Amino acid sequence: MKRVLRSAENFDRKLGNLFETLAGREEELQDRVDEVVRGLFDGTISSAAQHHPSDDTCCIPLIDHYVIVFRPDKSDLQAADERRHEIVVDFRGASRFDLLDIEEEELQ
Amino acid sequence: MARGYARLRERNQLTLPAAVVEQIGLRSGDIVEFATSGEGLIELRPARIVRAGTVEARSEEQRAKQDIAEGRYTLLSSVDEFRKHVQKLRKSASPVENAPKAEHLSDSQRKDVEAVAQATLLKLLSDLVEQSTIRKHEEGPAQRRKLRSKTGESV
C-alpha cells in the first residue's frame, strides 16, 4: 500500500523550532524523525496510544517528552489493556497521515 | 516470559536484557516507568504518556487541521522526501546559515574583507567616542557661563 504524509505548516514550524531547542542533539533528533517517518511509511508503526477519541488523533513518542501528534485517514479501536486501561488505535489500514503537531507531554 | 540479569553500574545505570526489551516491544527513545512494591520487587513497564490537555494544545492541533483543510501542507511520499523537507525547515529556522555568501571570494580574500570591515567599524566607534568626549569638554564651560549669567554671579 502506497502511503503519504501531509505535513501541516504548523507541524513544520514546530519541528523546525525543536531542532533549535535541541541544539547539539540535531543528529539524534533527525535519526528519530527518520525512524518514525519510515515506520509510518512502511507500516511498522501500526498503532498508538489514542490521544483524542473524538478527533481520532494519535501520538508517537519522538524524543524526550516530545510527541508527534497525527491523524490517520483510517483507524480502528483495537484493544484496551485491562491493567493500564490503555486504549490503542490500530491504523494499519490507513494510507494517509496528517502530521499535526509536536507537543511536550507529561508522564503519568 | 523473558528473564535476564543486569548489573547496576555507576549513576544507577542499567542495561535491560535484549530479550526483555524485545518482548515488551520497547524502542530507542521510549520512556519506562519503575515502581517498587513492598515485597522488594521492582516493576518496570512502558510509561503511559498522558496529554496535558491544555486549551493551547488543542488550539495548536486545530490550527494544523485548518492548515491541512486550506491546503497549507507538504505532501510527502518517501523517507528521502521527508528528509529533504526537514533540511529545508532547519535551514529556514537558522537565518545565519541561510545568509548569502560571497562565493566569488576565496577564503583568504573573505578574511581580508572581514578584517577591513572590522577595522572600519572600530575606527567609526572610536571616532564617535572621541567626538562625544570633545563635545562634553566644550559644553562644560559654556553651561557654567550660562548658569552664572542666570544667577547674576560675576566672574
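**Exercise 1. Work out what share of the contacts in chain A between residues at least 6 apart in sequence join residues at least 24 apart.**

Step 1. Take contact to mean heavy atoms within 4.5 Å.
Step 2. Keep the pairs in chain A at least 6 apart in sequence: 63% of these contacts join residues at least 24 apart.

Some ground rules before going on. This is a predicted model, where local features need pLDDT of at least 70 and side-chain atom pairs count only at pLDDT 80 or more, while totals for chains, interfaces and linings use all residues. Residues are numbered from 1 along each chain as its sequence is written, chains are lettered from A and ligands numbered from 1 in the order in which they are written, and side-chain values use heavy atoms, with hydrogens and water left out.

**Exercise 2. Lay out the secondary structure of chain A.**

Step 1. Helices (H or I, at least four residues) and strands (E, at least two) are DSSP runs, numbered from the N terminus.
Step 2. Count them up: chain A has 2 helices and 8 strands.
Step 3. Read from the N terminus and you get β-α-α-β-β-β-β-β-β-β.

**Exercise 3. Check H1(A) and H2(A) for length, then see how they pack.**

Step 1. The expected span is 1.5 Å times one less than the number of residues.
Step 2. H2(A) has 17 residues, so it should span 24 Å, and its end C-alpha atoms are indeed 24 Å apart.
Step 3. H1(A), with 13 residues, reaches 18 Å from its first C-alpha to its last, close to the expected 18 Å.
Step 4. Their axes sit 9 Å apart at an angle of about 145°; axes here are lines fitted to C-alpha atoms, over the stretch in contact for helices, and angles run from 0 to 180 degrees between N-to-C directions.
Step 5. Now find who touches whom: A:Leu15, A:Leu18 and A:Phe19 in H1(A) meet A:Glu26, A:Leu29, A:Gln30 and A:Val33 in H2(A).
Step 6. Just after H2(A), look for A:Gly43, which takes a positive phi of about 85°.

**Exercise 4. Find the largest nonpolar core and the elements that supply it.**

Step 1. Buried means under 20% relative accessible area, exposed over 50%, and partly exposed in between (1.4 Å probe, protein chains only).
Step 2. A nonpolar core is a set of buried Ala, Val, Leu, Ile, Met, Phe, Trp, Tyr and Cys residues joined through side-chain atoms within 4.5 Å.
Step 3. The largest one has 36 residues, and those with the most contacts inside it include A:Leu62, A:Phe70 and B:Phe82.
Step 4. Elements of both chains each supply at least two residues, among them strand E1 (4–8) of chain A and helix H3 (79–93) of chain B.
Step 5. H2(A) gives the most, with 6 residues.
Step 6. Zoom in on A:Leu62: leaving aside neighbours within four places in sequence, its contacts include A:Leu18, A:Leu29, A:Val33 and A:Ile102.
Step 7. For background, nonpolar side chains tend to be buried together in soluble globular proteins.

**Exercise 5. Decide whether A:Cys59 and B:Lys65 are buried or exposed, and list what they touch.**

Step 1. A:Cys59 lies in strand E3 of chain A and counts as buried because its relative accessibility is 6%.
Step 2. Not counting residues up to four places away in sequence, A:Cys59 touches A:Ala48, A:Ala49, A:His51, A:Val67, A:Ile68, A:Val69 and A:Phe70.
Step 3. B:Lys65, in helix H2 of chain B, is buried because its relative accessible area is 13%.
Step 4. Leaving aside neighbours within four places in sequence, B:Lys65 is in contact with A:Asp55, A:Thr57, A:Arg71 and A:Leu100.
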